[in-house]
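Work through the exercises below with the model open beside you. Try each task before you read its solution.

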Amino acid sequence: MRTQKLLLTLFLIAAPFAAASARQAAQEPPKQKPPAGGAPKPFNLPKKEEFTLKNGMRVTLVPYGSIPKVTVSAVVRSGNLNESANQVWLADLTGDMLKEGTATRTAEQIAQQAASMGGQIGVGVGPDTTNVNGDALSEFGPQLVALMADVIRNPKLPASELQRHQNDMLRQLSVSRSQPGPVANELFRKILYPEHPYGRIFPTEEMVKSYTIEDVRKFYQENFGAARTRLYVAGQFDASAMRKAITDAFDGWEAGRPPVINVPKPAAVHEIHLVDRPNTPQATIYVGLPVVDPSSPDYIPFVVTNALLGGSFGSRITSNIREQKGYTYSPFSQISARYRDAYWVEVADVTTAVTGPALKEIFNEVERLRSEPPSEEELQGIKNYLAGIFVLQNSSRQGVINQLAFADLHGLPGDYLSTYVQKVTAVTPKDVQRIAQQYLASDKMAVVVVGDKSKVAEQLSQFGKVIAN
């Protein structure tokens, strides 16, 4: 009884204040929306200088930024594309061995000399290229070029270091095969590229153990040379001194063989593949198909379409299966591009019990975009996002070099960087719908799922015959 009286008293005290607050709220004008953001600004690349050495090596110099540092990248058209079926990761092993000294310098001396210039040298290997990157204070730019030329032109490739790198590869291979994502990616790529180097992601243990130092040296001799190499310099530097340093360091390098051109004919097949992982609480989904590559006029509209569909945090698929359904934490889609080749893929780690429903929602979002264009407002937000991301990608010396190397690999026009934002903002809702209709056919998408077969197989059967792997 005392409690009821106390509640009544509190109500009588609070009521006038609540009524006053309501009257005040009714009298106040509605809150205004924040002002719209400004139009995305184009990226303006500083004037670059390009020249070609007598041996065919091309050079691009770009003054960039205000920090007194310079980045030098040698991009060699040699990568996993150049491996045969029994040489998977031989390109990677060759790249690792490049860092193990030259005819006149040990690996330690190379690292110490790079550090004394305020930088370092690294090597990365991809499907189409091997990149040797260096960074230093601007005053040491010419010395950095000479050091990098020694690494690229005169690698020692010592037999004494081979087994250590092979052991590292075996550990990496073991870790990758223990994770569902790499397993799904490997099978997905095999489906799209059954007889092509792009479809070979992992070697066998026996393959890695079989590589000899002669294999590494032969791969280097056959795949490295001036004709396959493009050198990029970005940052603050003395252009005259850099031109002289590059000519002195690289002009005597043999041209070597021209780049290998091996364009795949990827398969667009609607197959449902399941890799059994008993008792796992999640299932990893890969779903996608071949699409246009960066040389196509439809590529930038497809980039916009991908960002709206699944390639950004505010995308439709992410909003659907993450925010609304709670099936997954971090789904994403992407366009994975190589020379004259690309595929679109949606990736999601979902709770096992909702594997089928998650896949259904992915297909639903694809079909929704094919059946009706997005609104102007939704699309504008995506275009603003892409324009901002593009500027961020070009906010560093290495970022600018990466963009230039991308454009050169794919044979894009010289104004690609300066017109990218303009082309993104020109994409219309009808363009997005057309791209979805033309390239995103659900009945041509391959599906790979890594999960508990006993709980997932029946869920997947609604999408077609399930192929066990």
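## Exercise 1: Helix 10 and helix 12

Helix 10 crosses helix 12 in the right-handed sense. The model is a predicted one.

Task: Find which residues of helix 10 and helix 12 make the contact, and sort them by class.

Solution.
- Step 1. On the helix 10 side, pick out Thr305, Leu308 and Leu309.
- Step 2. On the helix 12 side, pick out Glu365, Val366 and Leu369.
- Step 3. Sort them: the contact of helix 10 with helix 12 has four nonpolar residues, one polar and one charged.
- Step 4. Add the geometry. The axes of helix 10 and helix 12 lie 11 Å apart, and the packing angle is about 130°.
- Step 5. Name the arrangement. An angle between 115 and 145 degrees counts as oblique, so helix 10 is oblique to helix 12.

## Exercise 2: Helix 12 and helix 16

Task: Work out how helix 12 is placed against helix 16, and state the hand of the crossing.

Solution.
- Step 1. Locate the pair: helix 12 covers residues 355–371, and helix 16 covers residues 429–439.
- Step 2. Read the geometry. Their axes come within 7 Å and cross at roughly 125°.
- Step 3. Helix 12 is therefore oblique to helix 16.
- Step 4. The crossing of helix 12 and helix 16 is left-handed.
- Step 5. Find the contact. Leu369, Arg370 and Ser371 of helix 12 meet Val432, Gln433, Ala436 and Gln437 of helix 16.
- Step 6. Sort by class. The contact of helix 12 with helix 16 holds three nonpolar, three polar and one charged residues.
- Step 7. Look back at Leu369. This residue of helix 12 touches helix 16, and Leu369 also takes part in the contact with helix 10.

## Exercise 3: Helix 2 and helix 5

Task: Describe the crossing of helix 2 and helix 5, then list the contact residues.

Solution.
- Step 1. Helix 2 spans residues 90–98, and helix 5 spans residues 162–177.
- Step 2. Their axes come within 10 Å and cross at roughly 130°.
- Step 3. Helix 2 and helix 5 are therefore oblique to each other.
- Step 4. Helix 2 and helix 5 make a right-handed crossing.
- Step 5. Helix 2 supplies Asp92, Leu93, Asp96 and Met97, while helix 5 supplies Leu162, His165 and Met169.
- Step 6. By class, the contact of helix 2 with helix 5 has four nonpolar, one polar and two charged residues.

## Exercise 4: The sheet with strand 1

Task: Trace the strand order of the open sheet that contains strand 1, and say which strands stand at its edges.

Solution.
- Step 1. The order is 1-2-6-3-5-4, the sheet has six strands, and the pairing is mixed.
- Step 2. Strand 1 and strand 4 are at the edges. Each has a single partner strand, so one side of each has no neighbour in the sheet.
- Step 3. Neighbouring strands of this sheet are turned by 15° against each other on average, direction ignored.
- Step 4. Check the first pair. Strand 1 (residues 49–52) and strand 2 (residues 58–63) run antiparallel, joined by four bridges. Thr52 has Arg58 of strand 2 as its bridge partner.
- Step 5. Look at the turn. Strand 1 and strand 2 form a hairpin with five residues between them, and Gly56 in the turn has a positive phi of about 95°.
- Step 6. Move on one strand. Strand 2 runs parallel to strand 6 (residues 229–235), with six bridges. Here Thr60 stands opposite Tyr232 of strand 6.

## Exercise 5: The sheet with strand 9

Task: Give the strand order of the open sheet that contains strand 9, then find the helix packed on that sheet that touches strand 7.

Solution.
- Step 1. Six strands follow the order 9-10-8-11-7-12, with mixed pairing.
- Step 2. Strand 9 (332–338) and strand 12 (466–468) are the edges. Each has a single partner strand, so one side of each is left without a neighbour in the sheet.
- Step 3. From one strand to the next, the twist averages 25°.
- Step 4. Strand 9 pairs with strand 10 (residues 341–351) in the antiparallel sense over seven bridges. Arg338 stands opposite Asp341 in strand 10.
- Step 5. The helix is helix 6 (residues 180–192). Helix 6 touches strand 7, strand 8, strand 9, strand 10 and strand 11, and its direction makes about 25° with that of strand 8.
- Step 6. Return to helix 10. Helix 10 (residues 299–309) lies across strand 9 and strand 10, at about 155° to strand 9.

Methods
Residues are numbered from 1 along each chain as its sequence is written. This is a predicted model: local features need pLDDT of at least 70, side-chain atom pairs count only at pLDDT 80 or more; totals for chains, interfaces and linings use all residues. Side-chain values use heavy atoms; hydrogens and water are left out. Axes are lines fitted to C-alpha atoms, for helices over the stretch in contact, and angles run from 0 to 180 degrees between N-to-C directions. Helices (H or I, at least four residues) and strands (E, at least two) are DSSP runs, numbered from the N terminus. Angles under 35 degrees count as roughly parallel, over 145 as roughly antiparallel, 65 to 115 as roughly perpendicular and the rest as oblique. A crossing is left-handed if the near helix is turned anticlockwise from the far one by less than a right angle, and right-handed if clockwise. Contact means heavy atoms within 4.5 Å. Ala, Val, Leu, Ile, Met, Phe, Trp, Tyr, Cys and Pro count as nonpolar, Asp, Glu, Lys and Arg as charged, and the others, Gly among them, as polar. Two strands pair if DSSP finds at least two bridges between them.
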